[in-house]
Amino acid sequence: MHGKDHSGGIRFHDYHPEPADMRAEVVRGLSEMPKRIPPKFFYDQHGSRLFDAITQLPEYYPTRTEIGILKDHGEEMAERVGRGALLVELGSGSSLKIRLLLEALSPSVYMPVDISKAHLLESAERLARVFPDLEIQAVCADYTSPFELPIDDESLDRTAFFPGSSVGNFQPSEAQEFLRRIGLVIGPGGRLLIGVDLLKDTGTLEAAYNDAQGVTAEFNLNLLRRLNRELDADFDLDAFRHHAFFDRERGRIEMHLISVRDQQVRIADRVFGFDLGESIHTECSYKYGIDEFQSLAAGAGYLAEHVWTDDDGLFSVHCLRNSARPTMTLFQR
Ligand code: AVJ
């Protein structure tokens, strides 16, 4: 079901991503000072559903703004990256975004890469029904660690798609390292279409992470619910509160869970003490200026070919071309 003699259908490649050792990572993070838990643990089944709800909130502009950019400029994107290519999507996220891109770009092969097997197969099957002639090569892998792709047609141009400002979860230096790794996958001359949330006024940014309905607070607190269930912990969800703010110096939203009293929490056989007001840092979401992101990308070996934004300048989608000769500048914010 691959190569030139067939078209359409799904091929599944399981790279058996190591299930993250959640207990070890959580215990390590809570032993640090200040305490922290990595944001990747937000996304259990309920957490993924809460995130979907966040993308629909009036205050959370990124998702709908990026969709608008893809609708308005999909044709131009296709002219830049070319049609009939191999399209690699990192994280098989929003089905609406990828549908828009598949329609505009009509790739020969679509290769979603995702750590969650269930999510990957479900969305691949949905897309196969909408695009019956599309060859889908679904890869179950952890794209945050080095991996190779099962590419059997070396003649295809390669384009990577990394939407949603997911790149904002990385520290800038890690983001640069990650872009460099994508460059190895798409090869010299390959293009990267990447969605990046833009720096803007503090009010708009902070509202997006402090919605009136409290869905983001619920999303943040759900992390503790997950630890209770999966790690045999005893967090009292009423004893922590959601806190999110924009740090303009660092150009990032920080999300925290703040202890509302002195307390002790047990995780399996470990006990952690929390002072009144002490926080667990659960997420960073970096925002960038356009030039700033382009110079970060240049340091990872990319030429900034084009950038599309919405009329209000809230969000950006960059077209980056992997140059054969990467420059070795280090990006510092
Ligand atoms: C999925 C990382 C892009 O940072 O805006 C949304 C996650 N956290 N609301 C973001 C998130 C709280 C989101 N990213």
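# Spaces and a ligand site

Counting those of 30 Å³ or more, this structure has 1 cavity. Keep in mind that you're looking at a predicted model. There's also a ligand with 13 residues around it, and a second largest pocket holding about 230 Å³ of space. Here's a quick tour of the three spots.

**The cavity**

- The largest cavity takes up a volume of about 50 Å³.
- Its lining is made up of L86, V109, M111, E135, Q137, P150, I151, D152, D153 and L156.
- Two strands, β4 (109–114) and β5 (135–140), each put at least two residues into the lining of the largest cavity.
- Sorted by class, the lining of the largest cavity comes out as 6 nonpolar, 1 polar and 3 charged residues.

**The ligand and its neighbours**

- Of the 13 residues surrounding the ligand, the closest are Y60, G164, Y209, E283 and S285.
- Three of the side chains in that closest group reach oxygen atoms of the ligand, so let's take them one by one, starting with Y60: a polar atom of the Y60 side chain sits 2.5 Å from a ligand oxygen.
- For Y209, the distance between an N or O atom of the side chain and an oxygen atom of the ligand is 2.5 Å.
- With S285, a side-chain N or O atom is 2.7 Å from an oxygen atom of the ligand.
- How much of the ligand does the protein bury? On its own the ligand would expose 350 Å², and the protein buries 96% of that.
- If you want to find the shell in the fold, look at α2 (45–55), α8 (215–230) and β12 (279–286), each of which supplies at least two of its residues.
- By class, the shell around the ligand counts 7 nonpolar, 5 polar and 1 charged residues.

**The second largest pocket**

- This pocket has about 230 Å³ of space in it.
- There are 14 residues lining the second largest pocket, and F147, E148, L149, L184 and V185 are the ones nearest its centre.
- Which helix gives the largest share of the lining of this pocket? That's α6 (residues 172–186), with 5 residues.
- The lining of the second largest pocket includes no polar residues by class; it has 10 nonpolar and 4 charged ones.

Note on methods. Residues are numbered from 1 along each chain as its sequence is written. This is a predicted model: local features need pLDDT of at least 70, side-chain atom pairs count only at pLDDT 80 or more; totals for chains, interfaces and linings use all residues. Side-chain values use heavy atoms; hydrogens and water are left out. A residue is near a molecule or strand if one of its heavy atoms lies within 4 Å of it. A polar contact is a pair of N or O atoms within 3.5 Å; within protein, one must be able to donate a hydrogen and the other to accept it, and residues adjacent in sequence count only if both atoms are side-chain atoms. Accessible areas come from the Shrake-Rupley method with a 1.4 Å probe; for residues, only the protein chains shown count as cover. Helices (H or I, at least four residues) and strands (E, at least two) are DSSP runs, numbered from the N terminus. Ala, Val, Leu, Ile, Met, Phe, Trp, Tyr, Cys and Pro count as nonpolar, Asp, Glu, Lys and Arg as charged, and the others, Gly among them, as polar. On a 1 Å grid over the protein atoms alone, a cavity is a set of points where a 1.4 Å probe fits but cannot get out, and a pocket is an open set with protein on both sides within 12 Å along at least five of seven lines; lining residues have an atom within 4 Å of a point. Grid points are joined across faces, edges and corners, and a volume is the space filled by probe spheres set on the points.
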